[in-house]
Amino acid sequence: MAIHVEGIVAIVIFYLLILGVGIWAAWKNKNSGAGDGVDQSERIMVGGRDIGLFVGGFTMTATWVGGGYINGTAEYVYLPDYGLAWAQAPFGYALSLVVGGLFFAKPMRSRGYVTMLDPFQQLYGKRMGGLLFIPALMGEIFWSAAILSALGATLSVIVDININISVVISALIAIFYTLVGGLYSVAYTDVVQLFCIFVGLWISVPFALSNPAVSDISVTAKEVIYQSPWLGKIDPKDAWLWADNIFLLMLGGVPWQVYFQRVLSASSATYAQVLSFLAAFGCLVMAVPSVLIGAIGASTDWNQTSYGSIAPKDKDQSDMILPIVLQHLCPSYVSFFGLGAVSAAVMSSADSSILSASSMFARNIYQLAFRQSASDREIVWVMRCTIFVFGALATAMALLTKSVYGLWYLSSDLVYVIIFPQLLSVLFVKGTNTYGSVAGYIFGLLLRIGGGEPYLKLPPFIYYPGWVNQMKIHHVTGEVEHFVQQRFPFKTMSMLASFLANVAFSYLTKYLFESGTFSHKYDFLDAVVSKHSKEIMDKATLVSNQDNIVLSEMAPVKQVLGASIAGTFINAEVLSDDGASSPEAFADEN
């Protein structure tokens, strides 16, 4: 198959458009917030906290609407025995944005945090913040690598260009405009990218539907024509597995820096909530063309197309069904529009994840853990360096690692079972401390890893009730793969165990130390008796006094030590675990 010159030209034009918008956004907002005394590093991370509803709604939607989202939705609708019933991402992520808007956006934004890890370091200290940074970083990097890998495969299908070149060029463009403009460039390019996704896919759908090789999708939704109906069904024996996945998406979709970066960039707490609800609607709308393309793939007699007589599912190419439909069921000029849409989706996710990872490292690891005296200029340069490093790392993984999707699945599970219960505890539960946080971390990690991960060929060492041996045949190679499927909802169980361990061990250690059962000298994490030690950082370093956010808005608590120690901190009382840490308590105080 020859290289398609028209496709190359279309991609070049699209990439130049995105690059131009990114540079324009950086130039337009280069002095935004400077007059209010906002640091440049904070402007890069949260856009000066002046993102409006229009741009904010688009960039919040782009949090999840990426290459994996549109390709994965089409894939599951197309897959026999799965269908729309198992295409859970659109509904799961939409619900996660609703949950985030209802419960998490307001307390996080009203307290003026800069990154998702700020409340953890405030309450649990810099060492625990560093531990929680690990699964958060893994999730962002592996997600970027997975979608860059998907982009390379997509471009190779439609325009037959080298996968490595396409991935490297796409990553370089996303890295460059993120380096130049930070969140402003990411947000404004998201507007263009989502527009391209929506228009590009919707232009393709009518042409694909009208192709002579495609049967009526309303018929194939319920009847067997070329394969099982694309509506799919949930077998009763798989009901708990389905529920586990939907809770993973709904609750595990909340504790991501890419989401909270948008929340914290909103001009007010109310705006942050509204943006979440708008994005939930946007996620559902943007999934519609992907669902239709998956249905079209399931309704096609591939023997009548240029693809060949063997269906994609029988070539282990189900994950490529969206670009295959664009390539073989649409005119070439239409497929190039769709290709631009897929490229846009990938870049809209990759740039966000890279910026999120660099923001957490520069602020929560470099500045707050190691260099609290670092200047703003120094932090900016650390961010720029890590944007390049993390972008290069994600690109290298996309090119070199065959199991990149398995790594992302596992890391996203760890975000769910470790970070979500920690976020729940730090925002809504009084009295949790570092000992409980460590216990919850360990419980969640062991219970999740113990269940195994088939994508990584990681065998389980904990066999949960209902486990079964499954067999998968690779049609191309003829290889037979055996793996253990855990039908018990062990991911959600691991999350709940992590949460309960955090609360239980926090109260247990608090009782043991304060009752005198354990000597005060054994409080080596400075979490109960020595709560006011230097390990727990001054809240003034975590929350800048902007947007009428003052330190007194933080949780009021009682002192457990004398004023001689506590007096060395500004408003040190808020760090005790005896006070309130719920949003309601904050409101009562004010």
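Below is a short question-and-answer exchange about the predicted model shown above.

User: What kind of model is this, and from which number does each chain start?

Analyst: This is a predicted model, in which local features need pLDDT of at least 70, side-chain atom pairs count only at pLDDT 80 or more, and totals for chains, interfaces and linings use all residues. Side-chain values use heavy atoms, with hydrogens and water left out, and residues are numbered along each chain as its sequence is written, from 1.

User: Good to know! How many helices and strands does the protein have?

Analyst: Helices (H or I, at least four residues) and strands (E, at least two) are DSSP runs, numbered from the N terminus. On that basis the secondary structure comes to 20 helices and two strands.

User: And what percentage of the 590 residues count as buried?

Analyst: Buried means under 20% relative accessible area, with exposed over 50% and partly exposed in between (1.4 Å probe, protein chains only). For the 590 residues of the protein, the buried share is 59%.

User: What share of the contacts with a separation of 6 or more comes from residues 24 or more positions apart?

Analyst: A contact here means heavy atoms within 4.5 Å. Among contacts in the protein with a separation of 6 or more, residues 24 or more positions apart account for 81%.

User: Helix 8 and helix 12 pack together; are they roughly parallel or roughly antiparallel?

Analyst: Helix 8 (residues 163-209) and helix 12 (residues 269-298) have axes 9 Å apart, at an angle of about 30 degrees. Axes are lines fitted to C-alpha atoms, for helices over the stretch in contact, and angles run from 0 to 180 degrees between N-to-C directions. Angles under 35 degrees count as roughly parallel, over 145 as roughly antiparallel, 65 to 115 as roughly perpendicular and the rest as oblique. Helix 8 is therefore, relative to helix 12, roughly parallel.

User: How many nonpolar, polar and charged residues make up that contact of helix 8 with helix 12?

Analyst: Helix 8 contributes residues including Phe 198 and Trp 202, which belong to the set that meets helix 12 residues including Met 286 and Pro 289. Ala, Val, Leu, Ile, Met, Phe, Trp, Tyr, Cys and Pro count as nonpolar, Asp, Glu, Lys and Arg as charged, and the others, Gly among them, as polar. The division is 15 nonpolar, one polar and no charged.

User: How is helix 4 oriented to helix 13?

Analyst: The axes of helix 4 (residues 67-78) and helix 13 (residues 321-329) come within 8 Å and cross at roughly 85 degrees. That crossing angle makes the pair roughly perpendicular.

User: Which residues of helix 13 make the contact with helix 4?

Analyst: On the helix 4 side, the contact is made by Ile 70, Asn 71, Ala 74, Glu 75 and Tyr 78. Their partners in helix 13 are Ile 321, Leu 322 and Pro 323.

User: Is Val 325 buried or exposed?

Analyst: Val 325 lies in helix 13 and touches, among others, Ile 293, Trp 302 and Cys 330. Its relative accessibility is 1%, so Val 325 counts as buried.

User: How many disulfides are there?

Analyst: A disulfide is a pair of cysteine sulfur atoms within 2.5 Å. Cys 283 is buried at a relative accessible area of 0%, and Cys 330 is buried at 9%. By the distance rule, the count of disulfides is zero.

Note on methods:
Lists of a residue's contacts leave out its neighbours within four places in sequence.
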